[in-house]
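This report describes the fold of one protein chain for a reader who is new to structural models. Please keep the sequence and the structure in view while reading.

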Amino acid sequence: MRIAALLVALMIILGAAPACAADVSAAQGVIRAQEQAFARDDAAAAYSHAAPAIREIFPAPDIFMSMVQNGYAPVYRHKSFEFGESRSEGNWISQHVHIIDANGEAWEALYTLEQQADGSYKITGCSLLKVGREV
């Protein structure tokens, strides 16, 4: 996860361009599909959107789901989940997501996605930052 955050930081420093609409739509579709899989507690579907490097770290859907439940509670369960700014650099997209968690606290998630050889996007990481007071 730290590698993904470092890559995003490098993209920003190097002046990554705003992402094109088709790539943004595809990336947001992947993030939304994973978010909906979490809501259904569908570990296999949520895991299917993870990039190969994430699958190496978490080698089974149930292990992946446990990590999300314990380390990414605002992503796993929330009141709102809204897309913000997107950036792209080559085969990479970074996507900001504004989240209000189940307790009403505001978070900023930064997703990174990489385009795969088949043209699909997979999630390579998600960093969370608490940004506000209770809503």
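## Confidence in the model

The protein chain has a mean pLDDT of 89, and 83% of its residues reach 70 or more. The model is predicted, and the confidence values therefore deserve attention before any detail is read, because coordinates should not be read in detail where pLDDT is low.

One such stretch is residues 4-15, over which pLDDT stays under 50. For these residues the model has 13 contacts beyond four places in sequence.

## Overall architecture

The protein chain contains 6 helices and 5 strands. Along the sequence, these elements follow the order α-β-α-α-α-α-α-β-β-β-β.

Of the 135 residues in the protein chain, 41% count as buried. The exposed surface of the chain amounts to about 7,200 Å², and carbon and sulfur atoms supply 56% of this area. Among the contacts with a separation of 6 or more, 50% link residues that lie 24 or more positions apart.

## Strands and hairpins

Strand β2, residues 78-89, runs antiparallel to strand β3, residues 92-101, and 9 bridges join the two. In this pairing, Glu 89 stands opposite Trp 92 in β3. The two strands form a hairpin with 2 residues between them, and Gly 90 in the turn has a positive phi of about 60 degrees.

Strand β3 also pairs with β4 in the antiparallel sense, over 9 bridges. Here Ser 94 stands opposite Thr 112 in β4. The hairpin of β3 and β4 has 3 residues between the strands, and within this hairpin Gly 104 takes a positive phi near 90 degrees. Strand β4 itself spans residues 105-115 and is mostly covered, with 9 of its 11 residues buried.

## The nonpolar core

Which residues have the most contacts inside the largest nonpolar core? They are Phe 38, Phe 64, Val 68, Val 75, Ile 99, Tyr 111 and Leu 113, in a core of 29 residues. Two or more residues of this core come from each of α2 (21-39), α3 (43-47), α5 (61-71), α6 (73-76), β3, β4 and β5 (121-134). The largest share, 5 residues, is given by α2. In soluble globular proteins, nonpolar side chains tend to be buried together.

Ile 99 illustrates how one core residue meets several parts of the sequence. Leaving aside residues up to four places away, Ile 99 touches Pro 74, Val 75, His 78, Ser 80, Phe 81, Glu 105, Ala 106, Trp 107, Ala 109 and Leu 128.

## Individual residues of note

Asp 41 has a positive phi of about 55 degrees although it is not a glycine. This residue is placed in the loop between α2 and α3. Is Asp 41 buried or partly exposed? Its relative accessibility is 42%, so Asp 41 counts as partly exposed.

Two cysteines may also be considered. Cys 20 has a relative accessible area of 40% and is partly exposed, whereas Cys 126 has a value of 11% and is buried. Cys 126 falls in the buried class because the cut-off for that class is under 20% relative accessible area. A search of the whole structure finds 0 disulfides.

Conventions: Residues are numbered from 1 along each chain as its sequence is written. This is a predicted model: local features need pLDDT of at least 70, side-chain atom pairs count only at pLDDT 80 or more; totals for chains, interfaces and linings use all residues. Side-chain values use heavy atoms; hydrogens and water are left out. Helices (H or I, at least four residues) and strands (E, at least two) are DSSP runs, numbered from the N terminus. Buried means under 20% relative accessible area, exposed over 50%, partly exposed in between (1.4 Å probe, protein chains only). Contact means heavy atoms within 4.5 Å. Accessible areas come from the Shrake-Rupley method with a 1.4 Å probe; for residues, only the protein chains shown count as cover. A disulfide is a pair of cysteine sulfur atoms within 2.5 Å. Two strands pair if DSSP finds at least two bridges between them. pLDDT is the predictor's confidence in each residue, from 0 to 100. A nonpolar core is a set of buried Ala, Val, Leu, Ile, Met, Phe, Trp, Tyr and Cys residues joined through side-chain atoms within 4.5 Å.
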